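Visitor: I'd like to learn how to read a model like this one, feature by feature. Could you take me through it?

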Amino acid sequence: MIEIERVKKSFGSLTVLDEVSLSVNTGEVVSIIGGSGSGKSTLLMCINGLEPIQGGRIAVDGIEVHAAGTDLNKLRRNIGIVFQQWNAFPHLTVLENVTLAPRKVLKMSRAEAEAIAVQQLEHVGLGDKLKAFPGKLSGGQQQRMAIARALAMSPKYMLFDEVTSALDPQLVGEVLDTMRLLAGEGMTMILVTHEMGFAREVSDRVAFFKSGKIHEIGSPQQIFESPQMPETRAFLNSVL
Amino acid sequence: MIDTALSANDIWFLVQGAGWTLLITAIAIVAGTLLGILFGVARATLPGWSTLPLGFLLDIFRSVPLLIQLVLANSFIPILGIRATPFAVSCLVLALYTSAYCAEIVRGGVLSVPLTTRRAARSLGLTWWQDMKEIVYPMALRVMLPSWIGLTLGVMKDTALVGWIGVIELLKSSQILITRMANEPLFILCIAGLIYFLISFPISRLGARLEQRWRDND
Ligand SMILES: Nc1ncnc2c1ncn2[C@@H]1O[C@H](COP(=O)(O)OP(=O)(O)OP(=O)(O)O)[C@@H](O)[C@H]1O
Ligand SMILES: [Mg+2]
């Protein structure tokens, strides 16, 4: 379970998260929608401790992310995150990209790590690209590799940050299919997305972010069919 | 055969000079690179204000002509009561000089690795050190290598200046031969030039080969 309570985050004088509270239960899929600069990416980075916070608390399975004694490297094994930019490690092959963390962080043997990596890469449809370097892959393939790389750590949670928005339209479908597969398997996920149709289809809850606050949260039906807040309605009208 | 008064002994004298050139270059490059990595990583990763004095010091090493640094160090080190041979002074000055340039190369290399890539590595649970070793180092190496090869070749040629403080390296030994055999200066310089080339060539070839191999992967 991910518990986010009254989290405050600012960069200098700019308040980016303003008392955000959100709990995500095991097996749940929560989508975050909202305009540019509303703090969606920042929230994901706070959840795995890539960014410090200035107030409130975040706990993952009861472990305080921002407490002084927390072993963040250990905590992050449980939280996979995939970013908008593909962030392939360009000097490593596809297989090496995926085996790196299991080998270095989980101390698996090469054979063990490769078995898991091959399985994950086949899962996302890249079983025939093991020896390729990322520079030779399309954006969609690189993004699916990034998903396999995160999954190879067997995380309990997956955070996705607009993973399709830097892709050519014809490549979006294959990445969404991969995420749909994960949602179907019961993975606990938080996804920041601009794909409203997809959010509606896979989410248990949808949160609308505005100016660093969760402005409205509810079931996909509620948010997309009968939003309570005028700002939510305005945002949806602007993107749909 | 070329008609020359140069004896086998004279050639041996030049080769010994080349030996000193190589030795000083090797020491300066090894020590300068190690220091340069330390300084460069510090400059790239620590907050700006904390490395300001270091940056200033390195600026001095980069901007004062090497010859002046050599002569000053050679005069001042004995005044401080430290006994050092011209060879030791040469190695020290060239190593610091190399480290100043190398620090900039390393800083640029580390900063060339996108922050988002490093965050992706850390988000997988890699430690700061593992990120440095597995991601930053290999990615930065590709950016740094051409400049580093250039630095090595440059330092090798700059060793010619240590002749001024009495180290008989390759250029100095050829000058000594020239003053003894006044009618063959061009031939002697050709031989010295050839030796410089023979030292440089393998280094630049090695660099080119590595670059080619990396390019094939992109
Ligand atoms: N490292 C940083 N330093 C300073 N300001 C930052 C930093 N990261 C983000 N910000 C600012 O924080 C605000 C929220 O950024 P964030 O990336 O979380 O927004 P977002 O909701 O993900 O937007 P988008 O949809 O464009 O990705 C923005 O105003 C951004 O400029
Ligand atoms: Mg964002």
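Guide: Let's begin with cavities. A cavity is a set of grid points where a 1.4 Å probe fits but cannot get out, and its volume is the space filled by probe spheres set on those points. Keep in mind that this is a predicted model. In the largest cavity here, that space comes to about 70 Å³.

Visitor: How many cavities of 30 Å³ or more does a search of the whole structure find?

Guide: The search turns up 2. The second largest holds about 50 Å³.

Visitor: Which residues lie nearest the centre of the largest one?

Guide: Look for A:I81, A:V82, A:F83, A:A146 and A:R149, out of a lining of 13 residues.

Visitor: Which helices and strands supply at least two residues each to that lining?

Guide: From chain A you get β6 (79-82) and α5 (139-151), and from chain B there's α5 (115-123). The largest share, 4 residues, comes from α5(A). By class, the lining splits into 8 nonpolar, 4 polar and 1 charged.

Visitor: And what lines the second largest cavity?

Guide: That lining is made up of A:F160, A:E162, A:V163, A:T164, A:L176, A:M179, A:L191, A:V192 and A:T193. In chain A, α6 (169-184) and β8 (188-192) each put in at least two residues. Sorted by class, you have 6 nonpolar, 2 polar and 1 charged. Hang on to A:E162 from that list, as A:E162 is also one of the residues around ligand 1.

Visitor: Then let's go to the ligand. Which residues are around ligand 1?

Guide: A residue counts as near if one of its heavy atoms lies within 4 Å. Around ligand 1, that gives A:F11, A:L14, A:V16, A:G35, A:S36, A:G37, A:S38, A:G39, A:K40, A:S41, A:T42 and A:E162. The classes are 3 nonpolar, 7 polar and 2 charged. Both β2 (14-24) and α1 (40-47) of chain A supply at least two residues of this shell, and α1(A) has the largest share with 3 residues.

Visitor: Which polar side-chain atom lies 2.6 Å from an oxygen atom of ligand 1?

Guide: For a polar contact, look for a pair of N or O atoms within 3.5 Å. The side chain you want there is that of A:S41. An N or O atom in the side chain of A:E162 is 3.0 Å from a ligand 1 oxygen. A:G39 uses its backbone instead, with a polar atom there 3.0 Å from an oxygen of the ligand. As for cover, ligand 1 on its own has 640 Å² of accessible area, and the protein covers 61% of that.

Visitor: β2 came up in the shell. In what sense do β1 and β2 of chain A pair, parallel or antiparallel?

Guide: Antiparallel: β1 (residues 2-11) and β2(A) pair over 8 bridges. To see the register, find A:V7, which stands opposite A:V20 in β2(A). The two strands form a hairpin with 2 residues between them, and A:G12 in the turn has a positive phi of about 60 degrees.

Visitor: What is the strand order of the sheet with 4 strands?

Guide: Going across this open sheet in chain A, you meet β2-β1-β4-β5, with antiparallel pairing. The edges are β2 and β5 (63-64), each pairing on one side only. At the β5 end, β4 (residues 55-60) pairs with β5(A) over 2 bridges, and A:A59 stands opposite A:E64.

How values were computed:
Residues are numbered from 1 along each chain as its sequence is written. Chains are lettered from A and ligands numbered from 1 in the order in which they are written. This is a predicted model: local features need pLDDT of at least 70, side-chain atom pairs count only at pLDDT 80 or more; totals for chains, interfaces and linings use all residues. Side-chain values use heavy atoms; hydrogens and water are left out. A polar contact is a pair of N or O atoms within 3.5 Å; within protein, one must be able to donate a hydrogen and the other to accept it, and residues adjacent in sequence count only if both atoms are side-chain atoms. Accessible areas come from the Shrake-Rupley method with a 1.4 Å probe; for residues, only the protein chains shown count as cover. Ala, Val, Leu, Ile, Met, Phe, Trp, Tyr, Cys and Pro count as nonpolar, Asp, Glu, Lys and Arg as charged, and the others, Gly among them, as polar. Two strands pair if DSSP finds at least two bridges between them. On a 1 Å grid over the protein atoms alone, a cavity is a set of points where a 1.4 Å probe fits but cannot get out, and a pocket is an open set with protein on both sides within 12 Å along at least five of seven lines; lining residues have an atom within 4 Å of a point.
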